[in-house]
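The following account considers how aromatic rings are arranged in a protein model, and which charged side chains accompany them. Please keep the structure in view while reading.

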Amino acid sequence: MKKLYFLLPFILFGCKSNTSTVGEINYKVSQTEVSDFLKYLSSDELQGRETGTKGIEKAAVFLEDFFKENKIKPYFATYRDTLTNFKSPAYNIVGVLEGTDPVLKKEFVVLSAHYDHIGLETKQQADQINNGANDDASGVTAVAQMAKYFAKTKSNKRSILFVFFAGEEKGLLGSESLVEKLKKRNFNLYAQLNIEMIGVPMKRDYLAYITGFDKSNMAQKINEYTGKNTIGFLPKEAEYKLFYRSDNYSFFEAFGKPCQSISTFDFENFDFYHHVSDEFKVMDISHMTSFIQEFLPAVTKIASTPTEEITMN
C-alpha cells in the first residue's frame, strides 16, 4: 500500500482446500498453491520488489509465466505495459480473458493488485529486505488465483483485465500510466476490484472491508452475491481516506465507475507495515485461501450479470 506519511505513528494499510459451488461449478482453491505462490513472491530472492530493480524484474517474469501457464493472453503486444512516468524501465503485467457473451464481452471488469514493494533498507541491520508479503504479495496471490479460476471455468460473460501494478509505492504510478492508455482505447470499464493486504484476518463479524464504502453499492452487492457478511464498513478506512491511497483511485478518477479496494488490514491485526518483518512466515495461508474462496461467487456475478448491477451512489 502506498505509504501514508500522515498516519504515523499509526501502522497502515497434503493439499488442503476450501470448496465453493458457483452455479453448477464446484471449484476448489488450493491452499498449497496459495502458499507456494506467495512464498516465492515474498522471498528474499526478489529483494523486496522495488520498482525498477532486478528483484521486481524476477517477479515480472514469474507473473508472466503464470499467465502463460493458465492461457491468459496479454492485453497489449506482450504482458508488459511499460510505465510512462518512471525514469527506469518498469512494467505493469497485464493479462486479459475475453468474456463468453458476444455483447457483454465488450465490457471489462478489472481485477488488480500491486506487485511492487519498497525494496531494501539503506541502514545496516541483520535483515535488510522488505519482503512485502502482506503488502501486497497477498493481494497479487488472490488476483492470480481468481485468474486461474476464470481461465479454467470460463464463467465470465464480461471480459476481465488482470493487472499487477508496478510503481504503486512510488505514488500510484503504474495505475496512473495504464489508465491513460486505456482511455485512449475507449476502454469500457464496468467495475474494478483492487486487492490490498489480505494476508491476515480481522477479528470482526465480516471478512473484509472496502475502501470508499459509500461511493457505490459494491459492498452490498458483494454480500448479496456471496450470501454472507463478506464486506463491512471500517470507520478508520473512511477517517484516513484509504480510497485515495491505492490503485483503485487512478481508475475511479479516469472512468468515474465503481473502483474500490478490498482489504483485511484493519490497523489492529498487523504490526509490520513497510517493515522487514512483513514476511511469508507471518501470513495466514488458511485465511487467504478462505478469502479467495469466499470471493469467487462475487467476482463471478460481477463478471456475468446481464445488466450493470454495481453502480455509483
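In this predicted model, Arg80 is placed over the face of Tyr91, 4.8 Å from the ring centre. A second arrangement of this kind involves Arg158, which lies over the face of Tyr190 at 4.1 Å from the ring centre.

Contacts between the rings themselves come next. Searching the whole structure yields 25 aromatic pairs. One of them joins Tyr75 and Phe187: the ring centres are 6.2 Å apart and the planes stand at 90°, so the pair is classed as edge-to-face, given that planes over 60 degrees apart fall in that class. Tyr75 belongs to the loop between β3 (73–74) and β4 (80–82), whereas Phe187 belongs to the loop between α4 (173–184) and β8 (189–195); the pair therefore ties together parts that are 112 residues apart in sequence. Tyr75 is buried, with a relative accessible area of 16%, and Phe187 is buried with a value of 7%.

Tyr240 and Phe267 form a pair with ring centres 5.3 Å apart and planes at 45°, so this pair is tilted. Tyr240 is found in the loop between α6 (235–239) and α7 (248–255), and Phe267 in the loop between β11 (259–263) and α8 (285–302), so the contact ties together parts that are 27 residues apart in sequence. Both Tyr240 and Phe267 are buried.

Ring pairs also build a cluster, which links Phe37, Tyr40, Phe62, Phe66, Phe67, Tyr79 and Phe164.

How values were computed:
Residues numbered from 1 in each chain as written. Predicted model: local features only at pLDDT ≥ 70, side-chain atom pairs only at ≥ 80, totals over all residues. Heavy atoms only, no water. Phe/Tyr/Trp six-rings, centres within 6.5 Å; stacked < 30°, edge-to-face > 60°. Helix = DSSP H or I, 4+ residues; strand = E, 2+ residues; numbered from the N terminus. Buried < 20%, exposed > 50% of the residue type's maximum accessible area, 1.4 Å probe, protein only. Lys NZ or Arg CZ within 6 Å of the ring centre and 35° of its normal.
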